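Here is a small set of exercises to work through with the structure open beside you. Try each task before you read its solution.

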Amino acid sequence: QNFKNIFRKIQKKFLKNFLKNIDLISCETKECFDEIRENGLCNFDISDKLIRIQNGFDEEYLIENNTKVKNFEEKENIMITVGRIGTEQKNNEMLLKVINKMDLKDWKIYIIGPYTEEFKEYYDSFIKNNSDKKDKVILVGNIENKNLLYDYYNRAKVFLLTSRWEGFAIVYPEALRFGNYIITTDVGGAKDITNNGEIGGVTEIENEEQYKNEILKVINEEINLKEKYNQSLEWSEENFLWNNIVKHKKFKEFFVEE
């Protein structure tokens, strides 16, 4: 017990000295930022060094590649999910479970990203039991070409994320920049990207019934997707473009003007 106490004291002293030599500490999510600002980091007050740097979107990429974000009227009835498909973290099986036997009407779902063999088997079994969805739920696989990937975001109206955990997923600001309505589990960054559920749907993690209901709201036209599209573009410009994020006042003291 004495050894443990001594070890803890050494850890605390090391952390204190370490934090003294740090100029800036960043958090990705507002929840994390507020928690540390209020309670400190391991009881050390670092509020004077703390900054929130959420993941952002590179607007310059769109300009350099002449990519025009489609108007809402140009978009299609498409939902997409993007990530490392089939990993425990992403919980993609949940998506197939909630749309099992569901009438997707004129909607299509594209599952994009490298996938595990286990997920491929799960997907094949799903299609076997839902033959009507063979051309509606499509396992795309990995897309390395960013222009092609962004084309899917651009065509889609809805972005789906079913993760069990996330830090702040890069796919969030990507989906938002293209005006996608985001339906996500309540992982890191979910409330930030949806403005606390105002412009997207946030469900409990692994709650299949809630997630199913959010998708059905879209299919049954209970969500004004055009309104959410406009709100998403505004929210993206205000909070999730890198060229705006890096203008934070705390950065100025680290830059030397020529």
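**Exercise 1. Find which strands each supply at least two residues of the lining of the largest cavity, then describe that cavity.**

Step 1. Start with the strands: β3 (78-82) and β6 (158-161) each give two or more residues to the lining. Strands here are DSSP runs of E with at least two residues, helices are runs of H or I with at least four, and both are numbered from the N terminus.

Before going on, a word on the model. It is predicted, so local features need pLDDT of at least 70 and side-chain atom pairs count only at pLDDT 80 or more, while totals for chains, interfaces and linings use all residues. Residues are numbered from 1 along each chain as its sequence is written, and side-chain values use heavy atoms, with hydrogens and water left out.

Step 2. Pick out the lining residues: Thr81, Val82, Gly83, Ile85, Lys90, Asn92, Leu160, Leu161, Thr162 and Ser163. A cavity is a set of points, on a 1 Å grid over the protein atoms alone, where a 1.4 Å probe fits but cannot get out, and lining residues have an atom within 4 Å of a point.

Step 3. Add the volume, which is about 50 Å³ for the largest cavity. Volume means the space filled by probe spheres set on the grid points, which are joined across faces, edges and corners. A search of the whole structure turns up one cavity of 30 Å³ or more.

**Exercise 2. Describe the chain as a whole: how many helices and strands does it have, and what share of its residues is buried?**

Step 1. Count the elements: the protein chain has 11 helices and eight strands. Its C-alpha atoms fill a box of roughly 65 × 55 × 35 Å along the principal axes.

Step 2. Turn to burial: 46% of the 258 residues are buried (under 20% relative accessible area with a 1.4 Å probe, protein chains only; exposed is over 50%, partly exposed in between).

Step 3. Look at contacts, meaning heavy atoms within 4.5 Å. Of those with a separation of 6 or more, 72% join residues 24 or more positions apart.

**Exercise 3. Locate Lys101 and Glu221, and say what is notable about phi in each.**

Step 1. Recall the background: most residues other than glycine have a negative phi.

Step 2. Lys101 is not a glycine, yet its phi is positive, at about 65°. Lys101 sits in the loop between α4 (93-98) and β4 (108-112), and counts as exposed because its relative accessible area is 59%.

Step 3. Glu221 also has a positive phi, near 60°. Glu221 belongs to the loop between α9 (208-219) and α10 (225-239), and its relative accessible area of 70% makes it exposed.

**Exercise 4. Which residues does Lys30 contact, leaving aside neighbours within four places in sequence?**

Step 1. Place Lys30 in helix α2, where it is partly exposed at 42% relative accessible area.

Step 2. Read off the contacts: Lys30 touches Arg52 and Asp192. Lys30 and Asp192 are 162 residues apart along the chain, with 6.8 Å between their C-alpha atoms.

Step 3. Compare another residue of helix α2 (residues 30-39), Asp34. Asp34 is partly exposed, at 23% relative accessibility. Between the C-alpha atoms of Asp34 and Arg52 there are 9.2 Å, for a gap of 18 residues along the chain.

Note on methods
On a 1 Å grid over the protein atoms alone, a cavity is a set of points where a 1.4 Å probe fits but cannot get out, and a pocket is an open set with protein on both sides within 12 Å along at least five of seven lines; lining residues have an atom within 4 Å of a point.
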